[in-house]
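Trainee: Hi, could you walk me through a structure I haven't seen before? I'd like to go piece by piece.

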Amino acid sequence: MDIVREAEAREILGWDQAQLPVLGLAEAFAEAGVRCLDSRLPAEAETRRARLAELGQAGVGVTGADAALADTGSLVLSSGPGRPRLAWLLPPRHIALLPLARLYPDIDAALENRPGLQGDAAEVALVSGPSRTADIELTLTRGVHGPRDLDVVIIA
Amino acid sequence: MSASPSQASFSRRVDSALQDSQLRLALERATSRFTRLRADGLASLPDPDAARDQAREVRVETLRRLDKHLEQFADRVSAAGGVVHWATDAGEANRIVLEIARRSGARLVVKSKSMVTEEVGLNAALESAGIRVVESDLGEYIIQLAGETPSHIIAPAIHKTKEQVGQLLHEKLGIPLTHDPAEMTRAARTALREVFLGADMGVSGVNFGVAENGTIAIVSNEGNASLTTSAPRVHVALMGIERLVPSLTDLSVMLRVLARSATGQKASVYVDLIRGPKREPEPDGPEELHVILVDNGRSRVLGGQAAEVLLCIRCGACLNSCPVYREIGGHAFGCVYTGPIGAVLTPALLGSERWSELPHASTLCGACREVCPVRIDLPRLLLDQRRQPAAASRSPLWSRVGLRLYRAAVTRPWLFRLSLRFARRLTRTFARDGWLKRLPPPLAGWTAHRDFPAFAARSFSQEWRSRDTERAR
């Protein structure tokens with residue numbers, strides 16, 4: 001909530017409460033007057049564009065994490081019911097809630113302990129930090145298309 | 001080829017690159033930075049050599065049974081709900097994309113960086129069908145606005161100064177003139193967000209396809225590939241048929257060396273492992289996924305001498321290490337694949353006659369082979385390309401005759417010594433302070449930019465023998 005307040009976000013694009021490892025977030029948002037956007041994208045072109053434009057307003061994205069890899073500093077995020085991909089891509093700020101037990105030394109350890117990691121998800125993303133580029137004269141800039149800030153909250 | 005560079009011959013393009021001092025400065029900065037980053041990145045691995053050996057093994061195994069892996073891959077992609085298309089050549093690839101675009105009524109297409117789409121000239125094909133295409137990778141976006149082609153695999157706009165980029169964005173986007181990369185990036189982000197959120201179709205490349213379960217792996221640092229493949233209703237992924245690995249474990253072997261070789265990072269910021277379009281209950285993601293497997297000469301190369309070139313994972317390390325590339329940059333090559341890998345791949349894929357000069361643009365120093373994460377023997381491949389019949393006949397007469405004379409002289413010690421004596425007398429007669437400032441053609445090219453030293457009064461072997469004799473006394 002502190003991060004959300006700091007970011008002065010009025011709208012959140014996040015995973016459903018059921019997909020998050022921390023309880024009571026939905027209520028906390030409601031109390032703070034922060035709106036959780038409906039992340040479902042219609043298949044029809046016009047309505048899809050309209051919904052996307054709305055989702056583009058979200059100030060913060062909130063997700064859980066299926067695993068995290070210590071050696072490369074990566075989060076493993078898979079898509080699924082109640083788990084929009086755009087939550088970790090669209091908003092300028094991304095908060096990932098990571099249970100400590102899901103932190104592994106590297107990808108091999110993660111796959112060993114959680115063989116079903118990929119599951120039937122259409123996408124599994126490995127995210128290793130905020131979005132960045134050095135395309136202009138090799139000057140490193142953050143927050144190109146993906147988030148500018150990534151906060152990982154580790155839950156013991 | 002999209003936005004084709006000037007039709008001027010290779011040597012003219014090289015000349016103009018060499019005159020461009022700003023380009024050379026930019027290239028020097030970029031290539032030396034990437035070289036250093038790559039070295040640090042690989043050093044962070046417990047055993048970099050083993051990692052590269054493993055990576056090579058994976059790719060060799062892939063190509064060894066490519067037919068089997070491709071079949072399995074296509075099968076798995078379909079099973080996951082994706083549609084697989086096979087394109088024999090560039091024309092067919094473009095036709096397939098256009099057909100998909102037509103059927104989904106796409107007017108606006110957002111693209112993430114893909115060399116194979118440049119190879120087949122996809123953007124031009126889409127545009128002539130009245131479809132607007134916007135590149136989302138910042139470097140590609142910049143050169144698209146400028147109407148240019150990429151000058152480097154990893155950093156396409158590396159030849160532009162920030163002042164030039166500022167001016168370009170000021171003109172094309174109407175933003176106030178700035179020289180601050182952060183401000184420019186913000187402006188591009190705003191402009192491109194509209195495209196991500198409004199595009200009907202997203203077109204991407206594929207870094208690796210995983211045969212065992214039909215996953216396509218796409219990496220980026222900006223997140224543009226992730227957005228391209230998540231927001232639009234239709235996702236079309238183009239993939240060269242050789243860009244496979246057998247299993248997920250093999251994929252992690254490749255990813256371990258890819259980012260490190262390209263930019264020195266331990267991992268690219270975004271690695272998207274996509275298997276099929278969105279599942280029914282998922283809130284977002286594309287409704288349709290199309291994977292287009294592009295041949296365009298690859299199966300022919302696979303059956304030939306240059307097959308090893310297909311191991312390439314497009315990291316760009318060879319470009320950064322090549323003394324020739326570092327001087328002339330990508331545009332001088334005049335084709336989508338540049339640097340040492342391009343000098344082999346382009347003639348091999350697209351025909352040796354048109355590109356026969358490229359394999360000659362090398363000192364065969366082997367720096368490329370030193371840095372290649374899959375240990376491709378580029379110098380050998382370059383020599384093979386030089387021996388291609390079309391390439392061989394292109395060598396100028398003076399060069400062919402000269403080399404024949406040289407071979408005659410060095411294989412006959414008496415003739416060699418005689419020639420040396422002659423050369424010694426000649427150079428010492430015309431030298432001024434021990435240097436020749438101008439040599440007659442065809443050697444005039446040497447003295448255009450440097451002096452040629454006069455031969456020493458005595459050869460090394462003569463010196464050595466006389467000292468030996470002295471010591472013996």
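Mentor: Sure, we can start with chain B and then turn to a sheet.

Trainee: Where does this model come from?
Mentor: It is a predicted model.

Trainee: Okay, how many helices and strands are in chain B?
Mentor: Chain B has 23 helices and 12 strands. Its C-alpha atoms fill a box of roughly 95 × 55 × 45 Å along the principal axes.

Trainee: And what share of the residues of chain B counts as buried?
Mentor: The figure is 55% of the 473 residues. As for the accessible surface of chain B, it comes to about 21000 Å², and carbon and sulfur atoms account for 54% of that.

Trainee: What about charges, how far apart are the mean positions of the positive and negative ones in chain B?
Mentor: They are 10 Å apart, taken over 64 positive and 51 negative charges.

Trainee: Let's switch to the sheet. What is the strand order in the open sheet of eight strands?
Mentor: The order is E7(A)-E4(A)-E5(A)-E8(A)-E9(B)-E6(B)-E5(B)-E8(B), and the pairing is mixed. The edge strands, each pairing on one side only, are E7 (103–104) of chain A and E8 (244–245) of chain B.

Trainee: What holds strands like these together?
Mentor: In general, strands of a sheet pair through backbone hydrogen bonds, either parallel or antiparallel.

Trainee: In which sense do E4(A) and E7(A) pair?
Mentor: That pair is parallel, over two bridges, with E4 covering residues 67–69 of chain A. Within it, Ala68(A) has Leu103(A) as its bridge partner.

Trainee: And how many bridges join E4(A) to E5(A)?
Mentor: Three bridges, and these two strands run antiparallel. One of the partners there is Val76(A) in E5(A), which matches Ala67(A). The two strands form a hairpin with four residues between them, and Gly73(A) in the turn has a positive phi of about 65 degrees.

Trainee: Why is E5(A) largely enclosed by the rest of the structure?
Mentor: Because five of the five residues in this strand, residues 74–78 of chain A, are buried. Ser74(A), Val76(A) and Ser78(A) point one way from E5(A), while Leu75(A) and Leu77(A) point the other way.

Trainee: What does E5(A) do with E8(A)?
Mentor: It pairs antiparallel with E8 (residues 123–127) of chain A over four bridges, and Ser78(A) stands opposite Val124(A) in E8(A).

Trainee: Back to chain B: which strands does helix H12 lie across?
Mentor: H12 (residues 248–262) of chain B lies across E5, E6, E8 and E9 of chain B, running at about 165 degrees to E5(B).

Conventions. Residues numbered from 1 in each chain as written. Chains lettered and ligands numbered in written order. Predicted model: local features only at pLDDT ≥ 70, side-chain atom pairs only at ≥ 80, totals over all residues. Heavy atoms only, no water. Buried < 20%, exposed > 50% of the residue type's maximum accessible area, 1.4 Å probe, protein only. Areas by Shrake-Rupley, 256 points an atom, 1.4 Å probe, with all protein chains shown as cover. Lys, Arg positive; Asp, Glu negative; His and termini not counted. Charge placed at Lys NZ, Arg CZ, Asp CG, Glu CD. Pairing = 2+ DSSP bridges. Contact = heavy atoms within 4.5 Å. Axes fitted to C-alpha atoms, helices over the stretch in contact; angles between N-to-C directions.
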